[in-house]
Amino acid sequence: MADNRFLYIFNIYGLIFFIYVSRFNTLKVKPQLMLITDIEDKINQIYPLSGAQEWDNVGVLVDTGSSSNKVLLTIDVTELVIDECNRLGIKHIISYHPVIFSGVKKLLKNDIVTKLIKFDINVFCPHTSWDEEMNRYLFCLLDNQNVEQVFDTLKNKIGLKHIRVANMSAGRKSLVVGVGSAFKYHEYKNSLIVTGEMSHHCLLHSIRHNNTVILLEHSNSERVVLPYFKDKLEKILPECDIFISKNDKDPIDIL
């Protein structure tokens, strides 16, 4: 009987010890909260900011000193994106477009940067340091497809009902992609050009050279690549939960 009581007590203490050790190990492996500069350092190892254009403004543009393991991926920082961060408890934004671009001479209480500071939200902006990877992804996504297939793929990926196109009937010999708008269109002939936007005169020039031009709107041509970068960032930042903004959208609607 005494042996059974001893065995019972031993098992109870063993169970308590197991629970304690399990909780200790769980706490021990909990990821350390990251600063926005930590995130910048890790991304910079894979996508160096040195690859950005000279005129660009990239890197950590808002640093409030707050730490978090949640990151929101977006093309632009708007009031709706900030609201989304507050709702989800997110303190880090990776915004493709710089939240500060040209010189800032004053900050007002309703400005985007002021609101970011108010809510302790940090922003890292890679912009043109990601352009080469964006164009490569878009090219691989659309290569070896005819024009109709390209339309279907883009509509499904971006969630658009309508896409603008010029010179749809032109013959196609090669695919050319360029996110945003910075692009040397005059170099191409007999091509299918997929980009965000193009000026009226550039369009006329492209048509004269027998190009078909698909215009997705500026940020849509970049937004289509966000799921790809989410997968990449989850490998670069395994400590973080990465979210794609649901409030981020192109300002242009086509009715």
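A residue is called buried when its relative accessible area is under 20%, exposed when that area is over 50%, and partly exposed in between. With this cut-off in hand, the reader can follow the chain from its interior outwards. The structure is a predicted model.

The chain comprises nine helices and nine strands. Of its 255 residues, 41% count as buried. Among the contacts in the chain with a separation of 6 or more, 67% join residues 24 or more positions apart.

The aromatic residues offer a starting point. Six aromatic pairs are found in a search of the whole structure. One of them brings together Trp130 and Phe229, which are stacked, with 4.1 Å from centre to centre and 10° between the planes. Trp130 belongs to the loop between strand S4 (122–125) and helix H5 (131–142), while Phe229 belongs to helix H9 (residues 226–236), so the pair ties together parts that are 99 residues apart in sequence. Trp130 counts as buried because its relative accessibility is 0%, a value under the 20% limit. Phe229 is likewise buried, with a relative accessibility of 0%. Both residues also take part in a cluster in which ring pairs link Tyr47, Trp130, Tyr137, Tyr228 and Phe229.

The loop that holds Trp130 leads to a further residue. His127 lies in the loop between S4 and H5. Its phi is near 40°, a positive value in a residue other than glycine. With a relative accessible area of 10%, His127 is buried. Neighbours within four places in sequence aside, His127 is in contact with Trp55, Asp56, Val58, Tyr96, His97, Pro98 and Phe101.

One of these contacts, His97, also appears in a database record. The UniProt annotation "binding site", from an unreviewed entry, covers His97, Asp131, His218 and Glu222. These four positions are spread over 126 residues of sequence, yet they cluster in space, the largest C-alpha distance being 13.2 Å. Asp131 is located in helix H5. When residues up to four places away in sequence are not counted, Asp131 touches Tyr96 and Val179. Tyr96 is also among the residues in contact with His127.

His218, another annotated position, sits in the loop between strand S8 (212–215) and helix H8 (220–223). Is His218 buried or partly exposed? Its relative accessibility is 22%, and His218 therefore counts as partly exposed, since the limit for a buried residue is under 20%. Beyond its neighbours within four places in sequence, His218 is in contact with His97, Gly180, Ser181, Gly196, Glu197 and Asp250. The contact with His97 thus joins two residues named in the UniProt annotation.

Glu217 is found in the loop between S8 and H8 as well. Glu217 has a positive phi of about 80°, although it is not a glycine. At 8% relative accessibility, Glu217 counts as buried.

Asp250, one of the contacts of His218, provides a passage to the second largest pocket. Rolling a probe the size of a water molecule over the atoms shows where empty space is left. The second largest pocket contains about 260 Å³ of space. Its lining consists of 16 residues, and those nearest its centre are Leu160, Asn220, Asp250, Ile252 and Asp253. Sorted by class, the lining of this pocket has seven nonpolar, three polar and six charged residues.

A final stop is Cys85, which lies in helix H3 (residues 79–88). Cys85 has a relative accessibility of 0% and therefore counts as buried. Apart from residues up to four places away in sequence, Cys85 touches Leu72, Ile90, Ile93 and Ile121. Cys85 and Lys70 are 15 residues apart in sequence, and their C-alpha atoms are 9.3 Å apart in space.

Terms used
Residues are numbered from 1 along each chain as its sequence is written. This is a predicted model: local features need pLDDT of at least 70, side-chain atom pairs count only at pLDDT 80 or more; totals for chains, interfaces and linings use all residues. Side-chain values use heavy atoms; hydrogens and water are left out. Rings of Phe, Tyr and Trp (its six-membered ring) pair if their centres lie within 6.5 Å; planes under 30 degrees apart count as stacked, over 60 as edge-to-face and the rest as tilted. Helices (H or I, at least four residues) and strands (E, at least two) are DSSP runs, numbered from the N terminus. Buried means under 20% relative accessible area, exposed over 50%, partly exposed in between (1.4 Å probe, protein chains only). On a 1 Å grid over the protein atoms alone, a cavity is a set of points where a 1.4 Å probe fits but cannot get out, and a pocket is an open set with protein on both sides within 12 Å along at least five of seven lines; lining residues have an atom within 4 Å of a point. Grid points are joined across faces, edges and corners, and a volume is the space filled by probe spheres set on the points. Ala, Val, Leu, Ile, Met, Phe, Trp, Tyr, Cys and Pro count as nonpolar, Asp, Glu, Lys and Arg as charged, and the others, Gly among them, as polar. UniProt positions are given in the numbering used here, feature names are shortened, and annotations may be inferred rather than shown by experiment. Contact means heavy atoms within 4.5 Å.
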